[in-house]
Structures are given as structure tokens and as C-alpha cells.
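Work through the following exercises with the sequence and the structure open beside you. Try each task on your own before you read its solution.

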Number of protein chains: 2
Amino acid sequence: MSPAAAPEAVSAKRTHLMNTAQRLFYRDGFRIVGIDTLLAEAGVAKMTLYNHFTSKDELIVAVIEKLDADVRTALAAAVEAAGRSPTRRLLAVFDWLKVWFDSADFKGCAFIRALSEYPDPVHPIHRAAWHHKEAVNVLLTKLATEAGASRPAELAAALSLLINGAILSAHATGSSDSAASARAAASVLLKQATI
Amino acid sequence: MSPAAAPEAVSAKRTHLMNTAQRLFYRDGFRIVGIDTLLAEAGVAKMTLYNHFTSKDELIVAVIEKLDADVRTALAAAVEAAGRSPTRRLLAVFDWLKVWFDSADFKGCAFIRALSEYPDPVHPIHRAAWHHKEAVNVLLTKLATEAGASRPAELAAALSLLINGAILSAHATGSSDSAASARAAASVLLKQATI
DNA sequence: CAAAATATAGACAGATCTGTCTATTTTCTT
DNA sequence: AAGAAAATAGACAGATCTGTCTATATTTTG
């Protein structure tokens, strides 16, 4: 009724475009998927895209930021579902990884792939992708603190390395074994950090 | 004199082309660097390229395989230079990482970036890149065995995750700190594995 | 219902891409 | 010095790319 009553869903077309973009970019790659392919798949006119985004790069950044929010929400939910034991909560991250690795359309990490497709560290897409990894690291630091690690930031840094390494390995091998390797290593590091 | 006397250096032009390709691909990316750009930079005719390689993809695979050999040689040398202590030899890998991260033109790992630019796991470029990571893992397993790890393959797997995670982090942050994080974690895991 | 905002199809520009072909020149080998 | 092999420049095809523009149609809003 009054202005600013309905944020509306931002725009159905915009959302649909971003969903299709996310799916195609993840399946085939950011650079290889062209605007025309995306528009045909989404069934949306070209000018609609360019009315919502000034460029393909801006669309990619928007997709990455949306995915960042979604992944963080899912990860936080997985941690919550693990109960109250700080150790279990921390290790739940690695169980969550395994489930992800075993999912049908798993093709690595969209953020890591974005970092690599846009290797210039000052590129907005590169930065947006890394921002997600930093956010996850903040969560890990919190979990490490709650688990009583003597130097939580240090433990979280190591866990981040294990996680990203495990994602890479799972992508290349098609196996989810790296989740167990990472979990086992994380468990050792956690014990060592809480002595 | 007799046939097969001189493998020749395979071909000076071919080598020069591959060197230029490696440099440009690493600097800017495999997909973004076009054949024409590469040829202009190398000062080589297009038909020379297509006489040595059937396609751009084949050139990329050749570049990756050459880089694989070079990196493995450098890594082995770094290990040898670390002396005879098995622990020192294993941890030398992480010191070598730090030097690499701090080098002027460091832009992440060409193999990881190739994996991400060609995300389809059956793509020849993806496979060639992963082959390198497997070869490094073999070296790590050997070092873990010599260091007396009870389950060397398990330790090597964890070290591989730390290494690849550290490379990603160094690329995105521009800092070599992740080498120290990975080294510290590796040290803990090694001690735990040799109790 | 009328006005304003949004979406449409599709042509278009201009650049780029990989790979092929040809005709000429340079380099190597004997 | 002569013949074979390798490299050259550059045109060319045909496809693709991002982004712009226009004129029409649809949807939303007051």
C-alpha cells in the first residue's frame, strides 16, 4: 500500500535469469557460457538482462554473491543440526562436504573455479569469490573458539586449507574420499589445539 | 651422423612457442589468451603452430605436461637440498611453497587453474592437470614413508589437501602466510602419524 | 481505462575466436 | 650447390562473442 511496502522479490525475471546463469556457469564455466546461450536457456530477452545488469561480469558477481549467501546458510544449518557438542559441530562441516561431493551434479567449487577463471586478484569476480572463502573462515574461527582451541584463528586457517584442498580433490577424482581425509586431519589438528 | 643421433631439442620453434604459451596462459588464463595473441607475442606464424600441434587444446596439454616435469624436478631438488633428515625433507616442501608464493609473478597454480577452466573431469586438459597433482602425491607418500608415518598414504593425502589449499589462499590473498599455516599443520600431522 | 514501466524479438556493430589454405621464402641437409 | 623440409605472411571461412538499438507488445500501477 504505502511505498516500499513490497520489496517485491526484487524481480521475477532477474531471479530467474540468475538461477539459470548459476546452473549453466556451474555446469560449464563462466567464460565458456555466452550471453546468448544463457538467454536462450532462460527464455528471456537480451535487453532484459542488460536492464538488470550492466555487463556479464556484473551478472556473474551477482550470481556469486547470491550463491555465497545460500552456501553460508546451508553450512550454518548443517552445523546447527549437529547438536551442541563443539567438536561435533566443527566436524559437521566435513560431513556436510562429503554429502555435497556425493551429490549428482557436483563439479567442484564455483568460487574456486571463479578464482581460477578470473586469476587477476583485483578482478571483481575474483574478489567476490574470495570473499566467500573469507566468510567461511570466519565461521570456522568461531567454531574453533567454541571448541576451545588455544589459537582459533590458526586452527581455522588450517581447516580452510583442508576444506579447499578436499573440494579440489573431489572435483578432479570424482570421489568423496577427500572429505574423510580432511575430516581425519581436522580431528587431529583440533585435538592438538585443545590440549 | 647416424640417424637418430640428434633428438635435436625437438624443435626450437616448438619450444619457443610452448615457452611463450606457458607465460601468457599463466599470466592471463588458458581460455582468454587467443592463438593470435600468442603467435604475435611469440613472433611465429600460425601454420607453424598447427604443424606442431593439431589444436589449441593439444598445445595446452603439452604446456601442462612440460610444466609438470619442470615442477617435479624443482620440487625434488628442493627436497634433496634439505639434507637427510626425513622430517626436514618433508617439511622442505612447504618452505619451497613459501618461496614460490613470494615470487614476483606468482598467480596461483597453473594446474589448479587448468582444472577450473576445464571443469569437465574427462577433458584431456583437466586430466593432464590432475595427473601432476597425483604425481606430487606419490612424492609425498614416499617422503611420509621415509619419515616413518604409520599410514603414509593417509598422511600424504592430508598433506596434498594442505598444499593445494595453501596455493589457493596465496593466490587470492597475495600473501605467503598460508605456506606457514600449512607447514605448521603438516608438522602436527607428521608428529601424530609417527607416534 | 490510461499512463508508465517492463519485457519482447531481432537486427546490428564490431570485435574476436579457431583452424585452413596458398604461395613464397628461409633454413637445413646432403 | 641442389633438393627437401620448415617457416613465413596473410587472406579466408564460419562461428562466436558482448553489448546496443529500435520498434512493438505486455504488464503493472495509479
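**Exercise 1: The surroundings of DNA strand D**

Task: Find which residues come nearest to DNA strand D in this predicted model, and then describe the surface to which they belong.

Solution: Begin with the residues around DNA strand D, of which there are 17, and pick out Gly34(A), Ile35(A), Ser55(A), Lys13(B) and Thr48(B) as those that come nearest. Next, ask which elements give two or more residues to this surface: in chain A they are helix 2 (35–42) and helix 3 (46–52), and in chain B helix 3 (46–52). Helix 3 of chain B provides the largest share of the surface near DNA strand D, namely 4 residues. Finally, sort the residues of this surface by character, which gives 6 nonpolar, 6 polar and 5 charged.

**Exercise 2: The make-up of chain A**

Task: State how many helices and strands chain A has, and what share of its residues counts as buried.

Solution: Counting the elements of chain A yields 9 helices and 0 strands, and the order from the N terminus on is accordingly written α-α-α-α-α-α-α-α-α. For the extent of chain A, take the C-alpha trace along its principal axes, where it spans about 60 × 45 × 30 Å. Of the 195 residues of chain A, 38% count as buried.

**Exercise 3: Where chain A touches chain B**

Task: Determine how many residues of chain A are in contact with chain B, and which helix of chain A gives the most to that side.

Solution: The contact involves 35 residues of chain A and 35 residues of chain B. On the side of chain A, at least two residues each are supplied by helix 6 (110–117), helix 7 (124–146), helix 8 (152–173) and helix 9 (177–193). Helix 8 of chain A gives the most, with 13 residues. By character, the residues on this side of chain A divide into 17 nonpolar, 12 polar and 6 charged.

**Exercise 4: Two helices of chain B**

Task: Describe how helix 7 and helix 8 of chain B cross, and name residues through which they meet.

Solution: The axes of helix 7 (residues 124–146) and helix 8 (residues 152–173) of chain B come within 8 Å and cross at roughly 130°. Helix 7 of chain B is therefore oblique to helix 8 of chain B, and the crossing in which they pass is right-handed. Among the residues that meet are Val136(B), Leu140(B) and Ala144(B) in helix 7 of chain B, and Leu155(B), Ala156(B) and Leu159(B) in helix 8 of chain B. The residues of this contact divide into 8 nonpolar, 4 polar and 1 charged.

How values were computed: Residues are numbered from 1 along each chain as its sequence is written. Chains are lettered from A and ligands numbered from 1 in the order in which they are written. This is a predicted model: local features need pLDDT of at least 70, side-chain atom pairs count only at pLDDT 80 or more; totals for chains, interfaces and linings use all residues. A residue is near a molecule or strand if its C-beta atom, placed from the backbone, lies within 6 Å of it. Ala, Val, Leu, Ile, Met, Phe, Trp, Tyr, Cys and Pro count as nonpolar, Asp, Glu, Lys and Arg as charged, and the others, Gly among them, as polar. A residue is buried if 20 or more other C-beta atoms lie within 10 Å of its own, exposed if 12 or fewer, and partly exposed in between; C-beta atoms are placed from the backbone. Two residues are in contact if their C-beta atoms, placed from the backbone, lie within 7 Å. Axes are lines fitted to C-alpha atoms, for helices over the stretch in contact, and angles run from 0 to 180 degrees between N-to-C directions. Angles under 35 degrees count as roughly parallel, over 145 as roughly antiparallel, 65 to 115 as roughly perpendicular and the rest as oblique. A crossing is left-handed if the near helix is turned anticlockwise from the far one by less than a right angle, and right-handed if clockwise.
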